[in-house]
Amino acid sequence: MISPILLEEDISLDLVTKGKQSALSKIAIRIARRSGLDEQVVLRGLFDRERLDSTGIGRGMAIPHALLENISSPAASLTRLAQAVDFDGPDDDPVDLIYTILWPRSASSAFLPALSQICRLLRASQVRERLRLAESADGALAVLETQLLPRISTNLHTSLEGMELCRLGDAALPRGARVAVDDLLSEHPNRYTSR
């Protein structure tokens, strides 16, 4: 399940934006306010990550994310846009579903398994379809919670084999997730060891 980091109040349906930057700005401000974080820190974190490579994962979805120093637990939001926007995704499809994640840098070893779970969840066509048809935030959350995924936790452990499987063994893994794996492997080469 996606909760404990995503609550009904973290879901915004039919958000009106003017494009990718507008969408990220509105989402960053909302998640910062909901989480009690500094808006500029959240904006900078999401924009800095987006400059590395698009977090668009294809099929009309994006998973913007940032590892932040000043948070102690993950925060997330799910946003369905009123009008899809260009997100420079791998398939060039405009994005209308945006799952945003802010993660504590101190718990970075748990980030990739969580990102992988979210990617798997959102790759399921029936999930995407039901999220696009949801009539309320409660309905959208119910779609996410009915999936058979373990709860996301900052206490998850990861291994080099698991990340390699995620990065190399899953040809359908979105480009944004592969970049996140590569980023963490290069930043912390000794942290992820075989178990």
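Trainee: Let's start with Leu 46. Which residues is Leu 46 in contact with, leaving aside its neighbours within four places in sequence?

Mentor: In this predicted model, Leu 46 touches Ala 28, Pro 64, His 65, Ala 66, Thr 100 and Leu 102, once the neighbours within four places are set aside. Leu 46 itself sits in helix H2, residues 39-52.

Trainee: And is Leu 46 buried or exposed?

Mentor: Buried: the cut-off for that word is under 20% relative accessible area, and Leu 46 comes in at 1%. Take His 65 from the contact list too: C-alpha to C-alpha, Leu 46 and His 65 are 5.9 Å apart in space, with their positions 19 residues apart in sequence.

Trainee: What about the chain as a whole, how much of it counts as buried?

Mentor: Of its 195 residues, 52% count as buried. For contacts between residues at least 6 apart in sequence, 72% join residues at least 24 apart.

Trainee: How many helices and strands does the chain have, then?

Mentor: Seven helices and six strands. Reading from the N terminus, the order is β-α-α-β-β-β-β-β-α-α-α-α-α.

Trainee: Okay, helix packing next. How are two packed helices described?

Mentor: By the angle between their axes and the distance between the axes. Try H4 (residues 125-133) and H5 (residues 137-145): the angle is about 170° and the axes are 9 Å apart. That makes H4 roughly antiparallel to H5.

Trainee: Which residues meet there?

Mentor: From H4 you get Val 127, Arg 130 and Leu 131, and they meet Ala 140, Val 143 and Leu 144 of H5. By class, that contact has five nonpolar residues, no polar ones and one charged.

Trainee: At what angle do H3 and H4 pack?

Mentor: About 75°, with the axes 5 Å apart. Angles of 65 to 115 degrees count as roughly perpendicular, so H3 and H4 are roughly perpendicular to each other. On the H3 side the contact is made by Leu 121, Leu 122 and Arg 123, and on the H4 side by Ser 125, Val 127, Arg 128 and Leu 131. The classes here are four nonpolar, one polar and two charged.

Trainee: Now loops. Where is Ser 108?

Mentor: Ser 108 is in the loop between strand E6 (95-104) and helix H3 (111-123). Ser 108 is buried, with a relative accessible area of 1%. Its C-alpha is separated by 7.3 Å from that of Leu 67, although the two are 41 residues apart along the chain.

Trainee: Backbone angles, then. What is phi of Arg 59?

Mentor: It's near 60°, a positive value in a residue other than glycine. Arg 59 belongs to the loop between strand E2 (56-58) and strand E3 (61-62), and is partly exposed at 40% relative accessible area. Asp 92 also isn't a glycine, and has a positive phi of about 60°. You'll find Asp 92 in the loop between strand E5 (75-85) and E6, where it counts as exposed at 61% relative accessibility.

Trainee: Last topic, rings. How is a pair of aromatic rings described?

Mentor: By the distance of the centres and the angle of the planes. The count in this model comes to one aromatic pair.

Trainee: And which residue lies over the face of Phe 87?

Mentor: Lys 20 does, at 5.0 Å from the ring centre.

Key:
Residues are numbered from 1 along each chain as its sequence is written. This is a predicted model: local features need pLDDT of at least 70, side-chain atom pairs count only at pLDDT 80 or more; totals for chains, interfaces and linings use all residues. Side-chain values use heavy atoms; hydrogens and water are left out. Rings of Phe, Tyr and Trp (its six-membered ring) pair if their centres lie within 6.5 Å; planes under 30 degrees apart count as stacked, over 60 as edge-to-face and the rest as tilted. A charge sits over a ring if NZ of Lys or CZ of Arg is within 6 Å of the ring centre and within 35 degrees of the ring normal. Axes are lines fitted to C-alpha atoms, for helices over the stretch in contact, and angles run from 0 to 180 degrees between N-to-C directions. Helices (H or I, at least four residues) and strands (E, at least two) are DSSP runs, numbered from the N terminus. Angles under 35 degrees count as roughly parallel, over 145 as roughly antiparallel, 65 to 115 as roughly perpendicular and the rest as oblique. Contact means heavy atoms within 4.5 Å. Ala, Val, Leu, Ile, Met, Phe, Trp, Tyr, Cys and Pro count as nonpolar, Asp, Glu, Lys and Arg as charged, and the others, Gly among them, as polar. Buried means under 20% relative accessible area, exposed over 50%, partly exposed in between (1.4 Å probe, protein chains only).
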